[in-house]
Structure formats: C-alpha cells, structure tokens
Amino acid sequence: MHNALGKYSVVLQDEMATQILAEKFAVVLMEHIATHGIGLGIQCHLSGDLGAGKTTWVRALLRACGYTGRVKSPTYTLCEPYSLTLKNFRANANEKHAYIDVYHFDLYRLRDAREWEEAGFRDYLSGALCLIEWPERALLPVPDVIITLSEKGSGRDAQIEAYSPVGKILVDHLSYAR
Ligand code: ADP
Ligand code: MG
C-alpha cells in the first residue's frame, strides 16, 4: 500500500472503547455524506486477525447510524446489505436520495479473487458505503480508509489510516473529535 495521507492511532482498552470510537467515526462519516454526498462511493477496509473486533466496529457504526435491526456477521454470506437514512441530509442538486446503500463484507471465506468478480461485488463499490473485513482476500481498489485492529494486552490497538482525500477529511476530523 502507498503511504497514508493521514493517520490516527489509539489504544482501545475494552469493547466499549472500540464501540465509542466506531460511533465517533460514524458521526464524522454521516456528517460528511449528508453534506457532500457519497460521491463515487466510500470504502473502508477493516484489517486484523479473527477476534480483533472488526465486526464489533461495524455493528457499532451501523447502530450509531440509526440502524436498529440485527447486524449479522457476513461470514458465510460474504456480504450483508443495509440502507441507511441520512439524518442531517441537506438536499442539493447533486444528491437525489436521503439514504445510502451500505454493504458489509467479510471476505474471510472467499476462495480466490475470481469469486469476488463472479459474484458481481465490484458493482457494489460504486456509490455506496462499503465496510470490508478481510479485504486482503480480494484484489480491491485502494480504499479511502484502512482501520487496523490488533491485540494489545487485554485490549486492542487501533490504527485508522487515510488513503484518499475523503479518507483524510474523515481521519483528521476523528482525531479532533473528543
Ligand atoms: P472480528 O470481526 O475481528 O473477527 P469480532 O468483532 O467478531 O472480531 O469479535 C471481537 C471480540 O473481541 C468480541 O468478543 C469483543 O467483545 C472483543 N473486543 C472488541 N473490542 C475489544 C477491545 N478493544 N478490547 C478487548 N476486547 C474487545
Ligand atoms: Mg468479523
């Protein structure tokens, strides 16, 4: 991967800390999308071993975005779709919808990169918010943000890196948000 345009690192002592950071990220993300639209799509990769807290992050993010249903881990389905209503949506000429499509991927069980193409997942990336666990399993375009979680004592180390201008705005806002 190229050099990150921005980076935010923090230690998350427990599951609650992971949820709070994911909620902060959700607020910054939704505020950005409500103002500027989803554009060509926003991709977030979630890296880290089994049990690192990737699904925990996605679950907390979706809840913070107002989703109240069950958030299933897409371990076997590879992809779970969601539709989120934008709370502070500001209608403008470029943006027709007050909702966004969200796709939660878990590519752990992807057999090879071809399976990604054959499932038509490439089309899911455009104009949607994609949250992708195990992105290393497929050949994906460079994402906007990479969230890397790793064990640190009984907690987790979190690194949030920006790889696009939109990603940089999100990561910068996250590091200001207290
Ligand atoms: P993954 O999707 O990365 O395989 P999960 O989110 O399914 O991981 O599971 C992560 C596990 O680790 C859960 O049991 C959760 O309670 C726990 N966990 C999440 N964040 C933290 C943290 N910051 N510190 C300690 N445990 C955590
Ligand atoms: Mg998971």
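These exercises walk through a predicted model and its two ligands, each with a worked solution.

**Exercise 1. The magnesium site**

Find the residues that coordinate the magnesium ion (ligand 2), place them along the chain, and decide whether they are buried or exposed.

Solution.
- Step 1. Start at the ion. T55 coordinates magnesium through OG1, and E133 does so through OE, at 2.1 to 2.2 Å.
- Step 2. Place the pair. T55 is in helix 2 (residues 54–64), and E133 is in strand 5 (residues 129–133). The two are 78 residues apart, so this pair links distant parts of the chain.
- Step 3. Apply the cut-off: buried means under 20% relative accessible area. T55 has 15% relative accessibility, so T55 counts as buried. E133 has 3%, so E133 is buried too.
- Step 4. Allow for what is missing. Water is not among the atoms, so sites may look incomplete.

**Exercise 2. The shell around ligand 1**

Describe the residues around ligand 1: how many there are, which come nearest, and where they come from.

Solution.
- Step 1. Count. The shell holds 17 residues.
- Step 2. Pick out the nearest. These are E15, T18, G51, K54 and T56.
- Step 3. Sort by character. Three residues are nonpolar, eight are polar and six are charged.
- Step 4. Trace the sources. Helix 1, helix 2 and strand 7 (155–162) each give at least two residues. Helix 2 gives the largest share, with three.

**Exercise 3. Polar atoms of ligand 1**

Find protein atoms that pair with nitrogen or oxygen atoms of ligand 1, then state how much of the ligand the protein buries.

Solution.
- Step 1. Take the nitrogen. One nitrogen atom of ligand 1 is 2.9 Å from a polar backbone atom of D14.
- Step 2. Take an oxygen at T56. The distance from an N or O atom in the T56 side chain is 2.6 Å.
- Step 3. Take an oxygen at E133. Here an N or O atom in the side chain is 3.2 Å away.
- Step 4. Turn to area. Ligand 1 alone exposes 580 Å², and the protein buries 75% of that.
- Step 5. Link back to the metal. E133 also coordinates the magnesium ion.

**Exercise 4. Helix 1**

Test whether the span of helix 1 (residues 15–36) agrees with the expected value, and list its buried residues.

Solution.
- Step 1. Get the expected span. Helix 1 has 22 residues; at 1.5 Å a residue, it should span 32 Å.
- Step 2. Compare. The end C-alpha atoms are 31 Å apart, which agrees.
- Step 3. List the buried residues. They are T18, L21, A22, F25, A26, V28, L29, M30, H32, I33 and A34.
- Step 4. Look past the end. Just after helix 1, G37 has a positive phi of about 85°.
- Step 5. Find a partner for L21. V10 is in strand 1 (residues 6–12). V10 and L21 are eleven residues apart in sequence, with C-alpha atoms 9.4 Å apart. V10 has a relative accessible area of 24%, so V10 is partly exposed.

**Exercise 5. Helix 2**

Explain why helix 2 is largely enclosed by the rest of the structure.

Solution.
- Step 1. Name the buried residues. They are K54, T55, T56, W57, V58, A60, L61 and L62.
- Step 2. Draw the conclusion. Eight of the eleven residues of helix 2 are buried, so the helix is largely enclosed.
- Step 3. Check a partner of V58. I132 lies 74 residues away in sequence, but 9.2 Å away in space, C-alpha to C-alpha. I132 belongs to strand 5. At 0% relative accessibility, I132 is buried.
- Step 4. Note what follows. After helix 2 comes G66, with a positive phi near 95°.

**Exercise 6. Positive phi outside glycine**

Locate L78 and W134, give their phi values, and decide whether each is buried or exposed.

Solution.
- Step 1. Take L78. Its phi is near 70°, a positive value. L78 sits in the loop between helix 2 and strand 3. Its relative accessible area is 9%, so L78 is buried.
- Step 2. Take W134. Its phi is positive, about 55°. W134 sits in the loop between strand 5 and strand 6 (145–152). At 12% relative accessibility, W134 counts as buried.

Conventions:
Residues are numbered from 1 along each chain as its sequence is written. Chains are lettered from A and ligands numbered from 1 in the order in which they are written. This is a predicted model: local features need pLDDT of at least 70, side-chain atom pairs count only at pLDDT 80 or more; totals for chains, interfaces and linings use all residues. Side-chain values use heavy atoms; hydrogens and water are left out. Donors are N, O and S atoms within 2.8 Å of the metal (3.2 Å for Na, K and Ca); water is not among the atoms, so sites may look incomplete. Helices (H or I, at least four residues) and strands (E, at least two) are DSSP runs, numbered from the N terminus. Buried means under 20% relative accessible area, exposed over 50%, partly exposed in between (1.4 Å probe, protein chains only). The expected span of a helix is 1.5 Å times one less than its number of residues. A residue is near a molecule or strand if one of its heavy atoms lies within 4 Å of it. A polar contact is a pair of N or O atoms within 3.5 Å; within protein, one must be able to donate a hydrogen and the other to accept it, and residues adjacent in sequence count only if both atoms are side-chain atoms. Accessible areas come from the Shrake-Rupley method with a 1.4 Å probe; for residues, only the protein chains shown count as cover. Ala, Val, Leu, Ile, Met, Phe, Trp, Tyr, Cys and Pro count as nonpolar, Asp, Glu, Lys and Arg as charged, and the others, Gly among them, as polar.
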